Amino acid sequence: MVKHILLTGGSGFIGSNFVRFVFNARPGVKITNLDALTYSGNPENLADLEHDARYRFVKGDIGDAPLMERLIGSGEFDGVVHMAAESHVDRSIMDAGPFVRANTLGTQVLLDVLRRMQVRHKEGKGPPPPRFVYVSTDEVYGSLPLEDKSQLFTEETPLQPNSPYSASKAGGDCLVRAYHHTFGLDLLTTRCSNNFGPYQFPEKVIPLFVTNLIEGKQVPLYGVGANVRDWLHVEDHCEAVLTVLERGVSGEVYNVGGNNERSNLELTHAILAIMGKGKDMIRNVEDRLGHDLRYAIDASKIKRELGWQPTRSAWPKALEATCRWYVDNRKWWERVKSGAYREYYERQYGTR
Ligand code: NAD
Ligand code: TYD
C-alpha cells in the first residue's frame, strides 16, 4: 500500500473528492496536494482538512521544473496521482494555450523529474522514482456515432481527440506511454467518462444547470441536446484511481466508466424533474463548435483485472443526491459564481 501520495490538482473538483475519499478509505495514508490554484482550484473545497496532520498543501505550477524537482525528487512520495489540468472544453475552444501548457507540457515536466530520479537511483545516488498515475479522459478517443449503441471506447480504440482540451490531454497520454516504453518508468493511465458530484465548478453542465435553476435562471442546452455522455459519480472515479495506483499493472491503461449513457436532453429533463421545474426553463442555444456526439466507455478491463466497478453512480438516486448537495451548499457555489472564493485564497496565500 502507498503511504504518501503527491496529488496534483487536488484543489479542483475530482482532486478534492479524491483527498476525502482516500482519507476515509485509507486512514493511514498522507496526501500532499500540489495545486496552482487557477480559476477552478478552490482551497475552500478542502478548508475543513487544512489542519489534518495527514494533509499538506503546496501552491505551485506543475510546469515549474525546479519546484517539481525539489518536491518529487525529495523521495518522500511513493505515489503520484496527476490530476492537475485545464479541464473545460468550451474554454479550450476560446484559447488552447493554457491547455497545452498545463496538460501536455506540464505532464512532460513531471515525467522528466521521474526520469532524472531513475538515473540518480541507478547510480546509487537517490531514492527510486514513485509510481505515477495519469488521470486522463475518455475524450481522447474522440466521438462515437449516436446510432450504433454497440460501439464503445476500449483501451485499444485509437486516440482521435477532437477538441483542443482532449488533444492536450492526449498529448499527456502519449508522453506517459512513451516514457514507460523508453525508460521503463512505473506509469499508468486512467481514462474516465464524465464525472458528477459535489464541488464541481459551476461551468460544467450539471452544477451549471442546477445552480441556474436555484437562481431562477434558464439552462442553456447546446443544440437540441442529442449528444450523449456516460455519467460516473466522482467517488466511483476516485476509487478507480486509488485501485489503479495500488494494484494496476505498470504501463497499462484502464478505462473507467459508469455504464450510464444519457443524452443531454434526458439529463436536462431529469434535473428539471428533481428541481421541480418545467421545460420552459430550457433555453436552446447555439451548439458547441466540433461538439463530440457520444462518449461511451467499455470498463470491462478494470473490472476483470482489478475488480473495480461503479457502485455509487446509479440514477436517479445519485443524480438526486448531487442536486441536493448544490441546494444544501448554496454558499459554496454562490462564492464561486461571484468570484468571492478568491478572497479566501488571497487571505491564505497572497495575491495571485
Ligand atoms: P478542475 O478544473 O475542477 O480542477 C483542476 C485543478 O488543477 C484545479 O485545482 C487547478 O487549480 C489545478 N491546475 C490547473 N493547472 C495547473 C497547473 N499548471 N499546475 C498545478 N495545478 C493546476 O478539473 P477536474 O474536473 O477536477 O478534473 C481533474 C482531472 O480529471 C483532469 O486531469 C481532467 O482532465 C480529468 N478528468 C475529468 C473528468 C470530469 O468529468 N471532470 C472526467 C475524466 C477525466
Ligand atoms: P461539460 O460538462 O462541459 O463536459 P464535457 O464537454 O467534457 O463532456 O458538458 C457536458 C455536455 O453538456 C456536453 O455535451 C455539452 C453540454 N452542455 C450544454 O448543453 N450546455 C452547457 O451550458 C454546457 C456547459 C454543456
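User: What makes H5 the largest contributor to the lining of the second largest pocket in this predicted model?

Analyst: H5 supplies 6 residues, the largest share of that lining. A residue counts as lining if an atom lies within 4 Å of a pocket point, where a pocket is an open set of points on a 1 Å grid over the protein atoms alone, fitting a 1.4 Å probe, with protein on both sides within 12 Å along at least five of seven lines. H5 is called a helix because it is a DSSP run of H or I of at least four residues, while strands are runs of E of at least two, numbered from the N terminus.

User: How many nonpolar, polar and charged residues are in this lining?

Analyst: There are 6 nonpolar, 5 polar and 7 charged residues. Ala, Val, Leu, Ile, Met, Phe, Trp, Tyr, Cys and Pro count as nonpolar, Asp, Glu, Lys and Arg as charged, and the others, Gly among them, as polar.

User: Why are S7 and S9 called paired?

Analyst: Pairing requires at least two DSSP bridges between two strands; S7 and S9 (residues 228–233) have 3 bridges, in the parallel sense, and therefore qualify. Asn195 has Leu232 in S9 as its bridge partner.

User: What is the strand order of the open sheet?

Analyst: The order is S7-S9-S11, with mixed pairing. The edge strands, S7 (194–196) and S11 (261–263), each pair on one side only.

Residues are numbered from 1 along each chain as its sequence is written. Local features need pLDDT of at least 70, and side-chain atom pairs count only at pLDDT 80 or more.

Definitions and conventions. Chains are lettered from A and ligands numbered from 1 in the order in which they are written. Side-chain values use heavy atoms; hydrogens and water are left out.
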